[in-house]
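Here are my notes on this one, written as I went through it. Have the viewer open while you read.

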Amino acid sequence: MLMALKFSVPCVPHNGAMGLTELTSHLSTIDYIAISGRKSMLENADSHRENLRHPSRIVDAHYVTPLDPGYSTGYTVEALEKYTYPDGSFWRSDIGREIMNAPTGGEL
């Protein structure tokens, strides 16, 4: 953010998914308050939100600034039980076993 400000380059963090949206909403607030004083444009990645303990909120096309302490990241107990590798229930499913048994490229 500091380098973007120094060179007058807009900074739009890539959110991806699975908690990055929640993290970048905090970074945007830090940028606005302490660095550039400009409102940021943020990407919206709205996938797998059901797995997050504190999913970000958007109202009128703007992220709502989180008020709770912390970075708003973290997964629900259910998501951890399902996706923890290699013992989660996902990894025992047909799709999970297929992923686990797929070539990694090193053996080609």
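How many cavities of 30 Å³ or more does the structure hold? Two. Keep in mind that this is a predicted model; the points below go through the cavities, the pockets, the salt bridges and a surface patch.

1. Start with the largest cavity, which comes out at a volume of about 40 Å³. Its lining consists of M1, C11, P13, L27, S28, D31 and S40. Sorted by class, that makes four nonpolar residues, two polar ones and one charged. D31 is the charged one, as Asp is counted in that class.

2. Next, the largest pocket, with about 360 Å³ of space in it. Its lining runs to 15 residues, and S28, S40, L42, H62 and Y63 are the ones nearest the centre. Have a look at S28 and S40 in particular: they sit among the residues nearest the centre of this pocket, and they also turn up in the lining of the largest cavity.

3. Which elements build that pocket's lining? Helix 2 (20-35) and strand 2 (62-63) each put in at least two residues. Helix 2 gives the most, with four. By class, the lining splits into eight nonpolar, six polar and one charged.

4. The second largest pocket holds about 250 Å³ of space. It is lined by 15 residues, with H54, P55, P66, L67 and S72 closest to its centre. The class count here is six nonpolar, six polar and three charged.

5. On to the charged pairs: searching the whole structure turns up two salt bridges. In one of them, the side chains of R49 and E22 meet at 3.8 Å, N to O. This pair ties together distant parts of the chain, since E22 belongs to helix 2 while R49 is in the loop between helix 2 and strand 1 (58-59), 27 residues apart. That distance is within the 4 Å cut-off for a salt bridge, so the pair counts.

6. Are the two partners of that bridge buried or exposed? E22 is buried, at 2% relative accessibility, whereas R49 is partly exposed, with a relative accessible area of 24%. The cut-off for buried is under 20%, so R49 falls outside that class.

7. The other salt bridge joins D94 to R97, and the closest N and O atoms there are 2.6 Å apart. Both residues are in helix 5 (residues 94-101), three residues apart, so about one helical turn separates them. D94 is exposed, at 61% relative accessibility, and R97 is partly exposed, with a relative accessible area of 39%. As a general reminder, side chains of opposite charge can pair when their charged atoms come close.

8. Last, the surface. M1, L27 and I30 make a nonpolar patch of about 210 Å². L27 lies in helix 2 and counts as partly exposed, at 30% relative accessibility. M1 and L27 are worth a second look in the viewer, as both belong to this patch and both also line the largest cavity.

9. If you only have time for one element, take helix 2. It supplies four residues to the lining of the largest pocket, it holds E22 of the salt bridge with R49, and it carries L27, one of the residues in the nonpolar patch.

How values were computed. Residues numbered from 1 in each chain as written. Predicted model: local features only at pLDDT ≥ 70, side-chain atom pairs only at ≥ 80, totals over all residues. Heavy atoms only, no water. 1 Å grid on protein atoms, 1.4 Å probe; cavity = no way out; pocket = protein on both sides within 12 Å on 5 of 7 lines; lining within 4 Å. Points joined across faces, edges and corners; volume = space filled by probe spheres on them. Buried < 20%, exposed > 50% of the residue type's maximum accessible area, 1.4 Å probe, protein only. Patch = residues over 30% accessible without salt bridge, like charges linked within 9 Å, V, L, I, M, F, W, Y side chains within 5 Å. Areas by Shrake-Rupley, 256 points an atom, 1.4 Å probe, with all protein chains shown as cover.
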